[in-house]
Amino acid sequence: MKTLNLWLNPNPRMFPSHSKTLTFNIRYGVVSCRISTSQLRCFSSPTQHPRRCAVLGAGFAGLSVVWHLLKHSPKELQLRIDIYDEVGVGGGASGISGGLLHPYSPKVKLLWEGAQCWKESIKLLRIAEAACVSEDCKIGESAENMKAFAAQKRGILRPAMNLKNLTKLNDTCLTSCRIETLNKEEAQKLVPGLCLPLDRAFYMPEALNIQSQHYLQALFWACKNLAEESTAFASGKKQLNLHKRSVHKLLEFEGEYDAVIICLGANVNMLPEISGRLPLRTCRGVIAHLELPDDKGEGYPDYGPSILSDAWIAVQGPRSIHVGSTWEWKSRNSSPIVSDDEASKALLELLPKASATYPGIKDWVFTGARAGLRAMPPLTSFGSLPLLGCIDDFIGRNHTCKYWLFGGLGSRGLLYHGWLGNLTAQAVLSCNEDIIPYELTSWKKTI
């Protein structure tokens with residue numbers, strides 16, 4: 001089914017709470033129409049009492065939703081947002097992710113809505129950069145460390161590992177994230193000693209390597225700044241609070257909040273109301289941290305790109321790299337702590353894969369490892385897409401709060417979080433799930 005929304009006001013994608021809508025549902029060639037006005041007033045219409053929203057999770061998904069709720073809510077609306085995350089900002093899988101940002105599949109094809117996702121993610125990165133510069137990072141981190149997340153503009157290089165790669169180069173790559181085909185000599189100028197089985201590599205010079213933990217801290221500070229700006233208005237004050245505590249069940253929010261947005265990643269299965277009911281698979285991934293000893297000569301090239309292959313290499317600095325990731329399916333271990341035994345097994349898996357393209361890694365020394373538990377979405381004809389939408393029917397019908405899900409980002413949270421967080425926030429503000437593309441809500445039809 002395809003849905004077309006026509007708003008009778010000049011700004012169709014923002015806040016239709018004060019406008020009439022015509023919604024056309026197109027399925028199997030049949031067009032039906034419904035007009036709705038009252039349902040769109042339920043959240044963003046001004047009231048005497050503040051609207052209250054709980055966002056569960058302070059990773060990529062949660063902080064993107066918070067930013068867009070604050071940014072797009074009407075100025076006159078009083079809004080209080082409470083973030084709940086027992087390990088704080090970026091303390092889960094988002095914070096330890098490799099941070100390689102680009103809009104392409106392993107076959108070097110543009111992902112579903114890759115242009116929009118890339119554009120919105122870059123926008124949020126710039127917002128976080130601005131928060132770092134303007135506030136000098138008053139969030140418990142040094143300015144040098146916090147600004148480092150934005151400095152990794154090295155590009156990303158993907159060696160062609162088989163003949164299919166050579167024939168899959170997409171001619172319609174984005175102008176804002178180009179793909180260049182390099183021969184062996186050109187690639188080795190970027191990374192000396194690089195091994196290319198087919199003497200070809202795909203280079204994305206505008207792709208980014210983000211230090212995820214620092215980025216999330218900066219984005220949270222940007223959200224705090226945005227909330228504080230509302231104090232200049234006589235009405236419509238915005239409040240933002242972070243609560244470092246766990247959530248045991250959704251119904252504990254009933255009667256206290258107008259909306260609850262679930263952005264818990266793999267930990268969504270800890271909620272009894274929806275545990276085991278979502279089409280998600282869990283997968284634990286270990287990322288190894290390596291450093292090059294001082295007596296081993298020159299480090300990684302100053303502007304050398306990160307590498308995508310069977311194992312990726314995310315460059316942190318001339319003598320520091322991260323290598324990932326392992327895939328332990330059906331794991332329930334969400335702890336970031338990696339035991340000695342788990343680290344040894346991870347190295348046995350990752351180092352041979354990494355050395356196949358970057359043989360110089362043999363000189364690097366293992367210094368530690370971190371792990372995260374991903375929530376992997378099901379495969380669809382459009383790829384593996386996150387799960388979005390209103391889940392009131394999961395909770396039951398006797399409740400006064402609206403419940404929303406933004407989950408299943410898998411290993412592409414950094415790419416998806418900007419645009420999909422925007423869509424989720426606007427759906428919450430308008431109480432209109434039809435704002436979200438059908439491809440992201442169709443999962444509800446299969447369970």
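In this predicted model, the side chains of E120 and K123 form a salt bridge, with N and O 3.4 Å apart. Both residues belong to helix 2 (residues 114-135), and because they are 3 residues apart there, about one helical turn separates them. The two ends of the pair differ in cover: E120 is buried, at 6% relative accessible area, whereas K123 is partly exposed, at 41%.

Side chains of opposite charge can pair when their charged atoms come close. The count for this model is 14 salt bridges. Three of them are set out below.

| Salt bridge | Closest N to O distance |
|---|---|
| E120 and K123 | 3.4 Å |
| R178 and E180 | 2.9 Å |
| E342 and R284 | 2.7 Å |

In the pair of R178 and E180, R178 has a relative accessible area of 33% and is partly exposed. E180 is also partly exposed, with a value of 29%.

The salt bridge between E342 and R284 has its closest N and O atoms 2.7 Å apart. E342 sits in helix 7 (residues 340-355) and R284 in strand 13, so this pair ties together parts that lie 58 residues apart in sequence. Both E342 and R284 are buried. Elsewhere, R52, R80, D82 and E256 are joined into one network by salt bridges that share partners.

Strand 13, which holds R284, spans residues 281-291, and 8 of its 11 residues are buried, so the strand is largely enclosed by the rest of the structure. Which strands pair with strand 13? Strand 18 (residues 365-376) runs antiparallel to strand 13 and is joined to it by 11 bridges; in this pairing A288 stands opposite A369. Strand 16 (residues 320-324) is also antiparallel to strand 13, with 4 bridges, and here L290 faces I321. Strand 17 (residues 328-329) pairs with strand 13 in the antiparallel sense over 2 bridges, and W329 of strand 17 is the bridge partner of C283.

Q316 lies in strand 15 (residues 312-317). Is Q316 buried or exposed? Its relative accessibility is 17%, and because buried means under 20%, Q316 counts as buried. A polar atom of the Q316 side chain lies 3.2 Å from the backbone oxygen of A314.

The largest nonpolar core has 78 residues, of which V55, L69, I81, Y215, L240 and I261 touch the most other members. Leaving aside residues up to four places away in sequence, V55 touches G62, V65, V66, L69, I81, D82, I83, Y84, I261 and C263. Apart from that core lies another, of 30 residues, including Y203, A288, A346 and L347. A288 is thus named both in this second core and in the pairing of strand 13 with strand 18.

For the protein as a whole, there are 10 helices and 22 strands. Of its 447 residues, 53% count as buried. The exposed area is about 20300 Å², and carbon and sulfur atoms supply 51% of this. Among contacts between residues at least 6 apart in sequence, 74% join residues at least 24 apart.

Technical notes:
Residues are numbered from 1 along each chain as its sequence is written. This is a predicted model: local features need pLDDT of at least 70, side-chain atom pairs count only at pLDDT 80 or more; totals for chains, interfaces and linings use all residues. Side-chain values use heavy atoms; hydrogens and water are left out. Buried means under 20% relative accessible area, exposed over 50%, partly exposed in between (1.4 Å probe, protein chains only). A polar contact is a pair of N or O atoms within 3.5 Å; within protein, one must be able to donate a hydrogen and the other to accept it, and residues adjacent in sequence count only if both atoms are side-chain atoms. Two strands pair if DSSP finds at least two bridges between them. Contact means heavy atoms within 4.5 Å. Accessible areas come from the Shrake-Rupley method with a 1.4 Å probe; for residues, only the protein chains shown count as cover. A nonpolar core is a set of buried Ala, Val, Leu, Ile, Met, Phe, Trp, Tyr and Cys residues joined through side-chain atoms within 4.5 Å. A salt bridge is a side-chain nitrogen of Lys or Arg within 4 Å of a carboxyl oxygen of Asp or Glu.
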